[in-house]
Amino acid sequence: MAAPGENLKIDSARLWDSLMEMAKIGPGIAGGNNRQTLTDADGEGRALFRKWCEDAGCEMGLDQMGNMFAMRPGTDPDALPVYMGSHLDTQPTGGKYDGVLGVLSTLEVIRTLNDMGVKTKHPIVATNWTNEEGTRFAPAMLASGVFAGIHTQDWAYSRTDAEGKSFGDELQRIGWRGEEEVGARKMHAFFELHIEQGPILEAEGIDIGVVTHGQGLCWLQVTVTGKDAHTGSTPMPMRKNAGLAMARIMEAVDGIAWSYKPDAVGAVGHIDIYPNSRNVIPGKAVFTVDFRTPDLEVLQKAEAQIREAAQKICDDMGVEVEFEKTGGFDPVAFDEGCVDIVRRSAEALGFSHRDIISGAGHDACWINQVAPTAMIFCPCVDGLSHNEAEEISAEWAAAGTNVLLHAVLEKAEVVA
Ligand code: GLV
Ligand code: MN
Ligand code: MN
């Protein structure tokens, strides 16, 4: 005879409908989404998620970072809840699934348990973490970082976007600053389902990635200051070209990443150049550096090397350089017990699976510091993400959500 809950399956069509409904909020320009954190669209997406959770009988908690927690009660008032979730915010040219699948799958898990009348000993909580993307307010995973005690709340509130608006003011403005103390909740476990955002699972025809580790990350913001001057009348030896220095530093970022192949990656993703006029030699360049690798020593070396290389480039060119560390975390090893639950759930459901390392940052990387945590990956087409063309199939989404359901049920303990 099957154990209680063993044969449960989520409703794939309902999950897909919810994903498509959420994607109508904050549409992008090419079929994806622009629902950046703490924008009006983010507020609208949150309201829809709250409504769906309340319709599913959950009580919605909201903390002072805007993190949302929809709770389905358990039978034991003393049992710590099992949490699951991800983020609803997107990149400016984001897809419909990065983060969103991880949130709406939690709703589908709760809807399924309701439909089947399944009771669990531990409560189950569906979570939406604020500002995972870090595109508007650096760093990424800001609110889960405050929850895990990595950043102070005051520091998080003081982060500003490109227009100088602060995180704290924008959270208040959209009406999603709660009363609850951040990080006060204790978790029995945390599970995050996410699209892989890389090509491995699809290329190998595998349904489920069992995420054992996450790679470490180093984010720097670099400001190079030279001198604005006329492009026609300033002799070459007299130029202090901040744009050229930036270009040379970009080459250095690329070279350092290649020097640690195959596991290290590096890129400059955001650049601002001033005054950005065709006949002015740029006097100032502000840009970001993003290095990632699963090896802590390599991460530390890459950071030291780019600082040194940039300093030398700028000294040689007679321009100034400053660095601000805007984000960083060490490589992550997820909880072996929870990872094993994910692996066994995939196995029991008959899905092909493999262990995998996450290339992207995730809220789970911070929550892992305060609760036993694991992640589940499902494939995405061509490994493409942070792109409006990001795509997955309804079957992949359903497989990942079924694994989430069974992993959560094992931890939350079905009451017969
Ligand atoms: C978060 O999306 C990241 O940059 O990995
Ligand atoms: Mn994400
Ligand atoms: Mn992302």
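Along the chain, the residues that donate to the manganese ion (ligand 3) follow the pattern D-x34-E-x252-H. In this predicted model, those residues are Asp98, through OD, Glu133, listed twice through OE, and His386, through NE2, with distances of 2.1 to 2.4 Å. Glu133 sits in the loop between strand S5 (124–128) and helix H4 (142–147), and His386 in the loop between strand S17 (373–378) and helix H12 (394–412), so this pair ties together parts that are 253 residues apart in sequence. The two residues can also be described by their accessibility. Glu133 has a relative accessibility of 5% and therefore counts as buried. His386, at 42%, counts as partly exposed, because the partly exposed class runs from the 20% limit of buried to the 50% limit of exposed.

The next site shares a residue with this one. Asp98 bridges the manganese ion (ligand 3) and the manganese ion (ligand 2), and the two ions lie 3.5 Å apart. The protein donors of the manganese ion (ligand 2) are Asp98 (OD) together with His87 (NE2) and His194 (NE2), at 2.1 to 2.3 Å. Their spacing in sequence is H-x10-D-x95-H. Asp98 belongs to the loop between strand S3 (82–86) and helix H3 (100–116), whereas His194 is part of strand S6 (residues 189–195), so the pair connects parts that are 96 residues apart in sequence. Both Asp98 and His194 are buried.

Two donors of the manganese ion (ligand 3), Glu133 and His386, are also found around ligand 1. The other residues around ligand 1 are Glu132, Trp219, Arg292, Ala360 and Gly361. By class, this shell has 3 charged, 2 polar and 2 nonpolar residues. Among the contacts to oxygen atoms of ligand 1, a backbone N or O atom of Gly361 lies at 2.7 Å. From the side chain of Glu133, an N or O atom is 3.0 Å from an oxygen atom of the ligand. For the side chain of His386, the corresponding distance from an N or O atom to an oxygen atom of ligand 1 is 3.3 Å. Taken alone, ligand 1 exposes 200 Å², and the protein buries 95% of that area.

Two helices remain to be described. Helix H6 (residues 167–174) has Phe167, Gly168, Glu170, Leu171 and Ile174 as its buried residues. Residues three or four places apart in an α-helix point the same way, because the helix has 3.6 residues a turn. The cover over the buried residues of H6 includes helix H2 (40–55), H4 and helix H5 (153–158). H4 is also the helix that follows the loop holding Glu133. Just after H6, Gly175 takes a positive phi of about 80 degrees.

Helix H8 (residues 242–259) contains Ile256. With a relative accessibility of 9%, Ile256 counts as buried, because buried means under 20%. Leaving aside residues up to four places away in sequence, Ile256 touches Phe291, Ala302, Gln305 and Ile306. Thr127 is 129 residues from Ile256 along the chain, and the C-alpha atoms of the two are separated by 37 Å.

Terms used
Residues numbered from 1 in each chain as written. Chains lettered and ligands numbered in written order. Predicted model: local features only at pLDDT ≥ 70, side-chain atom pairs only at ≥ 80, totals over all residues. Heavy atoms only, no water. Donors = N, O, S within 2.8 Å, 3.2 Å for Na, K, Ca; no water. Helix = DSSP H or I, 4+ residues; strand = E, 2+ residues; numbered from the N terminus. Buried < 20%, exposed > 50% of the residue type's maximum accessible area, 1.4 Å probe, protein only. Near = heavy atom within 4 Å. Polar contact = N/O pair within 3.5 Å; in protein donor to acceptor, adjacent residues only side chain to side chain. Areas by Shrake-Rupley, 256 points an atom, 1.4 Å probe, with all protein chains shown as cover. Nonpolar A, V, L, I, M, F, W, Y, C, P; charged D, E, K, R; others polar. Contact = heavy atoms within 4.5 Å.
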